[in-house]
Amino acid sequence: MSIITGYDPRNLREKIDVTAASARLGELGQLRSLSALNEKVGLYRLLGRLDEAWAVANEAVRHTRFSGDREQLLGARIRRAQVQQYQGKLQAALSELSLCVDEARVHEWGPLEAASQLTRGKVLFDMGDYASALADFKATVFLYEKMGASLDQLESSLVAVAVTESFLNEA
């Protein structure tokens, strides 16, 4: 069963199956592996448990810094910026995500570039900068298509493009 059931067309946030998300969080329990920490960040964020999401996101960033894996560190930083976005710390999230987009692009880490650009677009959308958000969303669609992503992987970006275009048309 999928935890994400769709996307809200007013704010681009994920719609979730709360029962499934809570059950998965319970399954993860006290696991402290990097993959478990990363998954917990997302689940806490989706469930609106932002203080817990922030604490675990910082733990995941520390964990990856010690491992020396820069690609995993970048992924952890993107997830932490998503928490900042949900906390309403939009400028901090925007700054971090811009650095993440640049780093992913320099290292040619396509999936991370797409993820950071999509998330940055969502922050810009939250800030009301629809033109810049749309540019990020379209660039994300291009990146995903270039990588041969499935329609499921493209869905969030395509929804974001359509919603943002409708916001721009209303203006």
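Contacts (heavy atoms within 4.5 Å) often link distant parts of this chain: residues 24 or more positions apart account for 49% of the contacts with a separation of 6 or more. This is a predicted model, where local features need pLDDT of at least 70, side-chain atom pairs count only at pLDDT 80 or more, and totals for chains, interfaces and linings use all residues. Residues are numbered from 1 along each chain as its sequence is written, and side-chain values use heavy atoms, with hydrogens and water left out.

**Layout**
- You'll find eight helices and two strands here, taken as DSSP runs (helices H or I, at least four residues; strands E, at least two) numbered from the N terminus.
- Starting from the N terminus, the order is β-β-α-α-α-α-α-α-α-α.

**Inside**
- Of the 171 residues, 49% count as buried, meaning under 20% relative accessible area with a 1.4 Å probe, protein chains only.
- The largest nonpolar core (buried Ala, Val, Leu, Ile, Met, Phe, Trp, Tyr and Cys residues joined through side-chain atoms within 4.5 Å) has 28 residues, and Leu-12, Leu-74 and Phe-137 are among those with the most contacts inside it.
- Helices H4 (70-87), H5 (90-107), H6 (110-126), H7 (130-146) and H8 (151-170) each supply at least two residues of this core.
- Apart from that core lies another, of 21 residues, including Ala-20, Leu-46, Val-56 and Ala-76.
- Leaving aside residues up to four places away in sequence, Leu-112 touches Glu-71, Leu-74, Gly-75, Ile-78 and Ala-104.

**Overall size**
- The C-alpha trace spans about 45 × 40 × 30 Å along its principal axes.

How values were computed: Buried means under 20% relative accessible area, exposed over 50%, partly exposed in between (1.4 Å probe, protein chains only).
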